[in-house]
Amino acid sequence: MYKDLALIYESMGNKTYYHLSAGFNRDKILREGLTPSIGEFSKVMNEQESRIYLFGDEDDAENAASNWYGEDFMDLYGEDEPINLWEVILPSDWPLEHEAFEYTSKLAIPPTNIKLISENY
């Protein structure tokens, strides 16, 4: 179903991305959107610059959650903390950097562009 919506958004000049986050961030993301930052998980991943990390499709997000992201996430937060999956709709000209399977934004993404699609991914 979400892949069908992604095609509709793309036909309107938008692109669909996916973002993973800790469940305890859910209310803040719903209220404020996504903001570039270096939080505890970013520090574990040795990130040096404040960014928002996105995946180009749901399969890449699922692969990360099932492997490296999920493993590091559980090491930091424990097995009881859920991983949330977010759908992020951005204009096709949104400034993103792309490397391998990840996209990054240095700009905040407002809550109007974000939809929670799984609370326990």
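This tour moves through a predicted model of one protein chain, suggesting what to select at each stop and saying what is found there.

**The whole chain**

Begin with the whole chain selected, and colour it by pLDDT if your viewer allows this: the average is 85, and 87% of the residues score at least 70. With the cartoon drawn, you can follow five helices and six strands, which run from the N terminus in the order α-β-α-α-β-α-α-β-β-β-β. Of the 121 residues in the chain, 38% are buried, while the chain as a whole exposes about 7,000 Å², with carbon and sulfur atoms supplying 47% of that area. Among contacts between residues at least 6 apart in sequence, 78% join residues that are at least 24 apart.

**Two helices to compare**

Next, select residues 2-11, which form helix α1, and then residues 26-32, which form helix α2: among the elements of the chain, helix α1 has the lowest mean pLDDT, at 54, and helix α2 has the highest, at 96. Where pLDDT is low, the predicted coordinates should not be read in detail.

**The largest pocket**

Now select His 19, Leu 20, Asn 25, Ser 37 and Ser 42, which, out of the 27 residues lining the largest pocket, lie nearest its centre. The space in this pocket comes to about 670 Å³. To see where the lining comes from, colour β1 (14-22), α2, α3 (40-44), β2 (52-55) and α5 (68-77), each of which supplies at least two of the lining residues. By type, the lining of the largest pocket divides into 14 nonpolar, eight polar and five charged residues.

**A buried residue in strand β2**

Stay with strand β2 and select Phe 55, which has its place there. Is Phe 55 buried or exposed? Its relative accessible area is 4%, which is under the 20% cut-off, and therefore Phe 55 counts as buried. If you leave aside the neighbours within four places in sequence, Phe 55 is in contact with several residues, among them Tyr 17, Tyr 18, Leu 20, Trp 68 and Phe 101. Draw a distance from Phe 55 to Phe 101, C-alpha to C-alpha, and you should find 6.3 Å, although the two are 46 residues apart in sequence.

**A buried residue in strand β3**

Move on to strand β3, residues 83-91, and select Glu 87 within it. Glu 87 is buried, with a relative accessible area of 2%. From Glu 87, draw a second C-alpha to C-alpha distance, this time to Ile 114, and the value is 5.7 Å for two residues that are 27 apart in sequence.

**The second largest pocket**

For the next stop, select Arg 51, Tyr 53, Glu 97, His 98, Glu 99, Ala 100, Glu 102 and Thr 104, which together line the second largest pocket. Two elements, β4 (97-99) and β5 (102-105), give two or more residues to this lining, and β4 gives the most, with three. The volume of the second largest pocket is about 150 Å³, and its lining is made up of two nonpolar, two polar and four charged residues.

**The loop between β4 and β5**

Finish at Ala 100, which sits in the loop between β4 and β5. What is the phi of Ala 100? It is near 55°, a positive value in a residue other than glycine. Ala 100 has a relative accessibility of 62%, which is over the 50% cut-off, so Ala 100 counts as exposed.

Notes:
Residues are numbered from 1 along each chain as its sequence is written. This is a predicted model: local features need pLDDT of at least 70, side-chain atom pairs count only at pLDDT 80 or more; totals for chains, interfaces and linings use all residues. Side-chain values use heavy atoms; hydrogens and water are left out. pLDDT is the predictor's confidence in each residue, from 0 to 100. Helices (H or I, at least four residues) and strands (E, at least two) are DSSP runs, numbered from the N terminus. On a 1 Å grid over the protein atoms alone, a cavity is a set of points where a 1.4 Å probe fits but cannot get out, and a pocket is an open set with protein on both sides within 12 Å along at least five of seven lines; lining residues have an atom within 4 Å of a point. Grid points are joined across faces, edges and corners, and a volume is the space filled by probe spheres set on the points. Ala, Val, Leu, Ile, Met, Phe, Trp, Tyr, Cys and Pro count as nonpolar, Asp, Glu, Lys and Arg as charged, and the others, Gly among them, as polar. Buried means under 20% relative accessible area, exposed over 50%, partly exposed in between (1.4 Å probe, protein chains only). Contact means heavy atoms within 4.5 Å. Accessible areas come from the Shrake-Rupley method with a 1.4 Å probe; for residues, only the protein chains shown count as cover.
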